[in-house]
Every structure is written in structure tokens, then in C-alpha cells.
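Okay everyone, thanks for coming. I'd like to walk you through a structure that is new to most of us, so have a look at it first and then we'll go through it together.

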Amino acid sequence: MTTTGEQARPQQAAFPGMPEPLWGGSPSKLLTFLDCPRRYRMAYLDRPRPAARPQRAHTSLGIAVHNALRDWWDQPERTPQAGGRLVARAWIDVGFRDAAQSAAWRGRMREAVTGYLERSGPQARPVGIERTVSFVSDDLRVQGRVDRLDDRDGELVVVDYKTSRQVPTDDDARTSLPLALYAAAVWKMFRRPVRRVELHHVPSGTVAAHEHTGESVGRHVERARSIMRDARRADADFARHGADSSMFPAVTGPLCGWCDLRAHCPEGQAAAPEKADWAALED
């Protein structure tokens with residue numbers, strides 16, 4: 001998972017000969033700029049920040065499952081059934097069509113977590129559970145939170161939980177910028193190579209995985225630095241021109257129907273109708 005609630009910080013005035021100040025953020029901040037500069041501006045630069053729409057049902061579901069899997073490691077008896085009970089305890093009844101839909105999905109995800117833990121079998125306690133990791137590369141500072149960090153026979157493995165309807169593939173794990181950046185951060189923090197990254201799809205039990213090399217992790221870091229350079233130039237233009245800056249175009253398409261900030265974006269509203277709070281859970 002990625003960090004949230006990042007705030008723009010006042011930039012220190014530069015003097016001749018000073019190194020370029022660090023540009024910091026999470027993988028989600030980088031991907032937000034890449035996907036839609038307009039959304040990036042509203043989420044990270046506009047002050048006051050435009051109000052986002054209320055939380056959707058699939059977000060409530062995802063948070064509840066992540067919290068249950070986090071708290072499971074602290075249970076006196078780590079049984080699959082205990083994990084299922086934690087889902088009911090952590091459930092967030094926000095965004096659903098009605099109480100019946102919420103109850104149905106609570107039951108489904110309780111079964112999903114129980115089944116996931118049954119398939120996983122006995123496990124040693126991870127090295128990290130929702131562990132914050134970070135690294136610096138030249139003028140880029142990346143920080144994020146890893147759902148789980150395993151030590152398997154001396155090899156560190158980055159694990160990210162998924163709860164969406166779409167089942168991830170090994171190619172998704174290979175191309176994931178957040179997973180590669182987490183691997184780079186853990187590599188630097190623990191001073192141990194981190195090659196394997198995994199996406200654990202809790203509803204289906206699918207584990208999508210990829211074995212990185214030092215070179216492939218380095219390519220992802222360079223990609224992050226490339227996005228950062230573009231974002232830095234846009235940030236500087238925003239500092240000069242504010243909302244009149246031309247460097248934050250709206251990238252429109254069907255995903256605009258899901259955007260939490262679409263109420264402040266006429267282009268996004270015209271591109272796609274708004275999705276219902278519970279749309280991601282419908283068949």
C-alpha cells in the first residue's frame with residue numbers, strides 16, 4: 001500500500017552553488033502525476049485542497065481486509081478463523097448501496113480472508129507488517145508503506161495485498177513501479193538484496209510474483225526519477241503561476257468516472273459519468 005495525506009512543503013530559496021533540494025513523495029504521488037497532472041495538482045499542490053468525494057465501498061472493503069491481515073499477526077492464536085473474525089471487527093460500513101449489500105460483502109470477505117490464510121499455511125512472523133520504508137536517489141526521496149515484508153530462508157520478499165475484482169498477473173508484479181521502489185527501499189535499509197515481489201489477491205488466493213535483478217530495480221528507480229523531474233518542473237511553474245499554470249492538463253477517459261476530485265474538474269465530468277459508490281462491487 002502507498003502513503004496518503006502528503007502535504008506540499010514550502011520550498012527553500014536556492015542560493016548559487018546549492019545542490020538541488022530533494023523532491024519527496026510516495027509511489028502513489030509519482031503515479032498520480034503520470035496518470036493525470038490535473039489530479040496531481042489538486043491533490044498535492046492546491047491550498048486549500050479541494051474536497052474529495054466520500055469514500056467508496058471498495059475502498060472501505062480494502063481497508064478492512066488490510067487491517068484484519070495486519071492485526072492477525074498479534075492474535076494469541078493465529079488461525080484462519082481468527083482472521084475471518086477480524087474482518088467482521090474491522091468492517092467499515094461506508095459507501096455501500098444499503099445495509100444488505102454491506103452485510104453480503106462482509107460475509108464474502110470474511111470467507112475470503114479465512115480461505116487465504118488456510119491456503120497460506122503456517123508462517124513465521126514477517127520482518128515487517130505495514131512497515132514504512134524509504135530511500136534517497138540523488139535528488140529523489142521515495143517513502144511508502146509495505147503491507148508485509150517476509151524473510152524466507154534469508155531472502156527478503158515484498159508482499160502487497162490486493163482486494164479488487166481484477167486478479168493480478170505475474171506481469172502486473174513485474175511492471176509495478178510501487179513494488180520495485182519498495183524493493184529498492186528495503187534493499188538500502190536492510191543492506192540485503194531484495195529480488196522477489198508478490199501481489200497477493202486475497203479473494204482468489206492468487207499470488208502474482210516477479211524476481212527482480214539489480215538492473216531491473218534500477219530501471220524502475222530511473223523511471224521514478226524521470227517522472228519526478230517532470231513533476232518538479234510542474235511544481236516550479238505552479239509556484240510562479242498557481243492554478244493558471246498550463247502544466248497540469250486533465251487526462252480524460254473512462255477512469256474520470258471514478259475520480260474522487262471530479263467535482264472540481266469540468267473536463268473530467270464531461271469525459272465520463274460518475275460511478276456509484278458501490279459500482280466496483282457490482283457484477
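Let's start with strand 2 and strand 3, which pair in the antiparallel sense over nine bridges. If you want one spot to look at there, find V133: its bridge partner in strand 3 is G144. And before I go on, please keep in mind that this is a predicted model.

So how do strand 2 and strand 3 connect? They form a hairpin with two residues between them, and D138 in that turn has a positive phi of about 55 degrees.

Now follow strand 3 onwards. Strand 3 also pairs with strand 4, again in the antiparallel sense, over five bridges. Here you can see L149 standing opposite V158 in strand 4. This hairpin has two residues between the strands as well, and D153 takes a positive phi near 55 degrees.

Strand 3 has one more partner to show you. Strand 1, residues 23–25, pairs with strand 3 in the parallel sense over three bridges. W23 stands opposite L140 in strand 3. Stay on W23 for a second, since K29 lies over the face of its ring, at 4.6 Å from the ring centre. You'll find a similar kind of arrangement at W105, where R108 lies over the ring face at 3.9 Å from the centre.

On to the inside. Which residues have the most contacts in the largest nonpolar core? They are Y40, V158 and L181, in a core of 41 residues. Among the elements giving two or more residues to this core are helix 1 (27–35), helix 2 (37–45), helix 7 (177–190) and helix 8 (214–241), along with strand 2, strand 3, strand 4 and strand 5. Apart from this core lies another one, of 25 residues, including L69, A90, F96 and V157.

Let me zoom in on Y40. Leaving out residues up to four places away in sequence, Y40 touches W23, K29, T32, F33, L45, A231, D235 and F248. Y40 is also part of a cluster: ring pairs link it with F33, Y44, F238 and F248.

That brings me to the aromatics, where the count comes to seven pairs. Take Y40 and Y44: their ring centres are 5.5 Å apart and the planes sit at 45 degrees, so the pair is tilted. They are four residues apart in helix 2, so about one helical turn separates them. Both of these tyrosines are buried.

Then compare W72 and W73. Their ring centres are 5.0 Å apart with the planes at 75 degrees, so this pair is edge-to-face. W72 is buried, with a relative accessible area of 5%, and W73 is buried too, at 3%.

Last topic, the cysteines. How many disulfides does a search of the whole structure find? Zero. C36 is in no disulfide, and the nearest cysteine sulfur, in C265, is 6.3 Å away. As for C259, why is there no bond to C36? Its closest cysteine sulfur is the one in C36, and at 6.7 Å that is too far for a bond. Both residues count as buried, C36 because its relative accessibility is 14% and C259 because its value is 18%.

That's my tour, and I'm happy to go back to any part of it.

How values were computed. Residues numbered from 1 in each chain as written. Predicted model: local features only at pLDDT ≥ 70, side-chain atom pairs only at ≥ 80, totals over all residues. Heavy atoms only, no water. Disulfide = S-S within 2.5 Å. Buried < 20%, exposed > 50% of the residue type's maximum accessible area, 1.4 Å probe, protein only. Core = buried A, V, L, I, M, F, W, Y, C linked by side-chain atoms within 4.5 Å. Contact = heavy atoms within 4.5 Å. Phe/Tyr/Trp six-rings, centres within 6.5 Å; stacked < 30°, edge-to-face > 60°. Lys NZ or Arg CZ within 6 Å of the ring centre and 35° of its normal. Pairing = 2+ DSSP bridges.
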